[in-house]
Amino acid sequence: MSDEPLISLRGVRREYPAGEGTVAVLADVDLDIGAGEFIAIMGASGSGKSTLMNILGCLDRATAGDYRFAGRPTADLDPDDLAELRREHFGFIFQRYHLLSELSAIGNTEIPAIYAGVSAEERRARARAILTRLGLADRLGHRPGQLSGGQQQRVSIARALMNGADVVLADEPTGALDRRSGEEVLKILAELNAEGHTVILVTHDHDVARRARRIVELSDGRIVSDRPNEAAPIEADAASALGSGPSETPASVGVLGAALARFQESFRMAVLAMFAHRLRTFLTMLGIVIGIASVVAMVALGEGSRRKVLSNISSLGTNTLEIFPGKDFGDVRSAKIKTLVLSDAEALARQTFAAGVTPTVATSSTLRFGAIEASAQVNGVGVDYFTVRGVKLLSGRFFDAAAARAMSQEIVIDENTAKTLFADTTESPIGKVILVGKVPCTVIGVTQKQQGFGSSGNLSVFLAYTTVQVRFLGDTSLRSILLRVADDVDTSLADEATTAFLTRRHGSKDFFILNTDDIRQTITATTTTLTLLIAAIAVISLVVGGIGVMNIMLVSVSERVKEIGVRMAVGARRSDILQQFLTEAVLVCLIGGVLGVGLAFAAGLAFALFGSSFVFVYSATTILAAFLCSTLIGVVFGWLPAHGAALLDPVAALSRD
Ligand code: ADP
Ligand code: MG
């Protein structure tokens, strides 16, 4: 024994708040314990033995007085320094073992080494060696529930020895055991002492205390006697099969390796905890799954619709202006306004910004071929119409300028019309004569189906505008003028120029212009707004999901307070506890995120399978954002419970039922 005692208490006092004032549970405790001693702390129940032991083991702090460990004062140490002391110098053995029920004997034994940063193989090997030495070689993979009380206590001794344990602190280690198992435990403690460990044994039992070489008696928080025990049986200094001398601490891996090992432990515990409460975890996850799935699906749907609408617009032709009479689409008088006339179109055609101009008129009429009748939209158009709108021919030709002027009865029909009217024949429709109302017309061309809005099922036929004006409408006003903007001119400039030009001609602005660029922008803006709106709703559901996660994490922490106490007792830092619960929260959310993204893809697939016109366009950014978002939810909503867990007081945590 060196001159300097390993443990030195002077005037140590421990008070607990009680009602208005405080109650002193320990008072005026002076105690020196040298390295290698085997000391029993005895006293009746409630005399302050456990309180003293917790102070000795740096689990608890004295309210007043001085505690030096190996000459080093402990009063100013912060919680992590105390954790380090516990990790490196103390091994706790509790009356109720305090093993973690989800872990095997080996798993329980190696915990202190994880926090000490010992490599996995070394940890395993050492845990196996200690357990074997304690007679548990055939119980390595057993869970605490599969072990007897004596065996569990031996696992807890193994855990105490894992990091070397200069000082073994045993609080009523035989209290819950039958005689024979208790005897075994005491024998192990005596052997450990013989190997050089300092053993502090707390007990209320004289028979147990007699095993120690020194007995300190406590009564009402004061030391009433401190005497050597000559009657202690001398343990034969068994050759250490264990090689777990107190100074022998396993070599640790580097800082990074240690951090990684602790993260692995967090991860493993999170997975175990999630599996232990599968249904609960799944239900918690569901909020995140639904939230993420709706965000991803809605954004994909929004993008899909946007692209679809834009492709519809581009079928209207690029950079076109369409000039209508009236103030706006809703103008009820627009049909009566006759101010938009052919000369306007001809004048516009001479403008430099116009690459092509065509007047349009329209009516509807019945088409007849043989016995088949169908109603169709009859468009009166100029020659340029087809190029301006980008209409493609399937067969035949378009009418020419001469035909347009001469009210010719040549007709171009669309694919739908061809299919409807010529359903009975396999011959080409070209050259056939059909009746449009009462007017016989010769089919000269068949165009591709128009992609525009609401045009999918309708029949459309095209005649020269003069023909429609004279033979069908009896009126020379126009439905609209379609103008293709020259390639080198900005569409909005052309729009302004056209407005100025026509306003001057008409003396007032009695027309309005539909600009494909404007439509495109409006639709993009609308779908973006809609997507944002739906995404906002989804985000709200994510927040609700996050609150669910927080709630479950609070439950998880309160269920595992004892586990937290044990981990702290064996030397877990606050950050280790924080990390463990944060990892669990993030993992729940991240798995929820993965399932959510999967669900969103499944929804897209289902829509596609059922031939819906909805298109889902997934973007990598959305999916990445979904994962980031779920991680963030885990961190944000897991923080509070995890932080609460990390700040728990180890003694309070251990004594929680
Ligand atoms: P022993 O281990 O000798 O049975 P303890 O050290 O556990 O005794 O407790 C000693 C006294 O301190 C008891 O009277 C107990 O009620 C009191 N005590 C222990 N912990 C607390 C606490 N957290 N708050 C208030 N009183 C406590
Ligand atoms: Mg006690």
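**Exercise 1. The second largest cavity**

Task: In this predicted model, determine which element gives the most to the lining of the second largest cavity, and describe that lining by residue and by class.

Solution. Begin with the elements: strand β6 gives the most to the lining of the second largest cavity, with three residues. The elements that each supply at least two residues are α2 (79–89), β6 (90–93) and α5 (149–161). Next, read the lining residue by residue, which gives R86, R87, F90, G91, F92, P112, R159, A160, N163, A569 and V570. Sorted by class, this lining has six nonpolar, two polar and three charged residues. Finally, the space in the second largest cavity comes to about 70 Å³.

**Exercise 2. The largest cavity**

Task: State how many cavities of 30 Å³ or more are counted, and work out which elements line the largest cavity.

Solution. The count comes to four cavities of 30 Å³ or more, and the largest cavity holds about 80 Å³ of space. Its lining is made up of A273, M274, H277, R280, T281, T284, V549, I552, M553, S556, E584 and V588. Two or more residues of this lining come from each of α8 (255–276), α9 (278–314), α16 (516–559) and α18 (574–609). Within that group, helix α16 gives the most, with four residues. The class composition of the lining is six nonpolar, four polar and two charged residues.

**Exercise 3. Domains and the second largest pocket**

Task: Use the domain assignment to explain where the second largest pocket lies, and characterise its lining.

Solution. First set out the assignment, which gives domain 1 (7–253), domain 2 (273–310 + 522–654) and domain 3 (338–509). The C-alpha centres of domain 1 and domain 3 lie 97 Å apart. Because domain 1 and domain 2 both give residues to the lining of the second largest pocket, the pocket lies between them.

Turning to the pocket itself, its volume is about 540 Å³, and it is lined by 23 residues, of which S50, Q95, H98, D171 and S655 lie nearest its centre. The elements that give two or more residues to this lining are α1 and α20 (650–655), and the largest share, five residues, comes from α1. By class, the lining of the pocket has six nonpolar, eleven polar and six charged residues.

**Exercise 4. The surroundings of ligand 1**

Task: List the residues around ligand 1, then identify polar contacts that an oxygen atom of the ligand makes with G46, K49 and S50, taking 3.5 Å between N or O atoms as the cut-off.

Solution. Start from the shell, which consists of Y16, V25, A44, S45, G46, S47, G48, K49, S50 and T51. By class, this shell has three nonpolar, six polar and one charged residues. Its largest share, three residues, comes from helix α1 (residues 49–56).

Now take the contacts in order of sequence. A backbone N or O atom of G46 lies 2.7 Å from an oxygen atom of ligand 1. For K49, a polar backbone atom is 2.9 Å from a ligand oxygen atom. In the case of S50, an N or O atom of the side chain is 2.7 Å from an oxygen atom of the ligand. As a last step, consider coverage: ligand 1 has 560 Å² of accessible area on its own, of which the protein covers 55%. S50 also returns from the previous exercise, as one of the residues that lie nearest the centre of the second largest pocket.

**Exercise 5. Two positive phi values**

Task: Locate D28 and M407 within the chain, and say what sets their phi values apart from the general pattern.

Solution. The starting point is that most residues other than glycine have a negative phi. Against that background, phi of D28 is near 50 degrees, a positive value in a residue other than glycine, and D28 is found in strand β2 (residues 21–33). Phi of M407 is likewise near 50 degrees and positive, again in a residue other than glycine. The place of M407, however, is in the loop between α12 (401–405) and β15 (410–414).

Key. Residues are numbered from 1 along each chain as its sequence is written. Chains are lettered from A and ligands numbered from 1 in the order in which they are written. Side-chain values use heavy atoms; hydrogens and water are left out. A residue is near a molecule or strand if one of its heavy atoms lies within 4 Å of it. A polar contact is a pair of N or O atoms within 3.5 Å; within protein, one must be able to donate a hydrogen and the other to accept it, and residues adjacent in sequence count only if both atoms are side-chain atoms. Accessible areas come from the Shrake-Rupley method with a 1.4 Å probe; for residues, only the protein chains shown count as cover. Ala, Val, Leu, Ile, Met, Phe, Trp, Tyr, Cys and Pro count as nonpolar, Asp, Glu, Lys and Arg as charged, and the others, Gly among them, as polar. On a 1 Å grid over the protein atoms alone, a cavity is a set of points where a 1.4 Å probe fits but cannot get out, and a pocket is an open set with protein on both sides within 12 Å along at least five of seven lines; lining residues have an atom within 4 Å of a point. Grid points are joined across faces, edges and corners, and a volume is the space filled by probe spheres set on the points. Domain bounds come from an automatic or database domain assignment.
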